Amino acid sequence: MGFGDLKTPAGLQVLNDYLADKSYIEGLPGVKKSLGKYGPVSVADTTGSGAADAKDDDDIDLFGSDDEEESEDAKRLREERLAQYESKKAKKPAVVAKSSILLDVKPWDDETDMTKLEECVRSIQADGLVWGSSKLVPVGYGIKKLQIQCVVEDDKVGTDMLEEQITAFEDYVQSMDVAAFNKI
């Protein structure tokens, strides 16, 4: 639709006549008007009333609210499943926390009998302590340290207890360090 030159009074009159039955900026916030008020007069309003739409929206529960009461069957079923879960959980053995420890046991000098030192370390016995592999690692100047692996149950054996018992062999052991500590 052409309005012509909007700078002339005739062009403005054509635009005003066209916009006379169309309102693009009219109305109060929150007041719904029929479609015919906003568009051409010849178009029928098929949208329905706003009150009916609001009522229909209230009936839809998108998030499943907890307002409705739980049926007796659903309560009974839930209680049975919780009881089954608790009994199954009670039958499982508790998980035992274990750690793998790599110890560095250092002798006094290069004349220390390393096989005797290893025998002394392996003689330490405790519930939850299992000795693993060992090797001699050169430190320097002909001195070798004993590197020995052990697996311990965390609740029963601690590194402090191991250090006290290993360093108690004063004739062979100068010091002991924890080289690696890994949870299993």
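**Exercise 1. In which helix is the place of Arg 122, and what surrounds this residue?**

Solution. Arg 122 belongs to helix 5, which covers residues 114-122; helices here are DSSP runs of H or I with at least four residues, strands are runs of E with at least two, and both are numbered from the N terminus. The model is a predicted one, in which local features need pLDDT of at least 70 and side-chain atom pairs count only at pLDDT 80 or more, while totals for chains, interfaces and linings use all residues. Residues are numbered from 1 along each chain as its sequence is written, and side-chain values use heavy atoms, with hydrogens and water left out.

Next, consider accessibility: Arg 122 has a relative accessible area of 28% and is therefore partly exposed, given that buried means under 20%, exposed over 50%, and partly exposed in between (1.4 Å probe, protein chains only). Then turn to the surroundings, where contact means heavy atoms within 4.5 Å. Apart from neighbours within four places in sequence, Arg 122 is in contact with Trp 131, Gly 132, Ser 133, Ser 134 and Ile 148. For Gly 132, the C-alpha to C-alpha distance to Arg 122 is 9.3 Å, with 10 residues of separation in sequence.

**Exercise 2. Determine whether Lys 145 is buried or exposed, and describe its setting.**

Solution. Begin with the location, which is strand 3, residues 143-153. The relative accessibility of Lys 145 is 16%, so the residue counts as buried. Its side chain makes a polar contact of 3.0 Å with that of Asp 104, a polar contact being a pair of N or O atoms within 3.5 Å, where within protein one must be able to donate a hydrogen and the other to accept it, and residues adjacent in sequence count only if both atoms are side-chain atoms. Beyond four places in sequence, the contacts of Lys 145 include Val 105, Pro 107, Met 114 and Val 137.

**Exercise 3. Work out how strand 1 is paired and how far it is enclosed.**

Solution. Two strands pair if DSSP finds at least two bridges between them. Strand 1 runs antiparallel to strand 3, to which eight bridges join it, and also antiparallel to strand 4 (residues 173-183), with nine bridges. Leu 102 illustrates both sides, standing opposite Gln 149 in strand 3 and having Ala 180 as its bridge partner in strand 4. Finally, strand 1 (residues 98-107) is largely enclosed by the rest of the structure, because seven of its 10 residues are buried.
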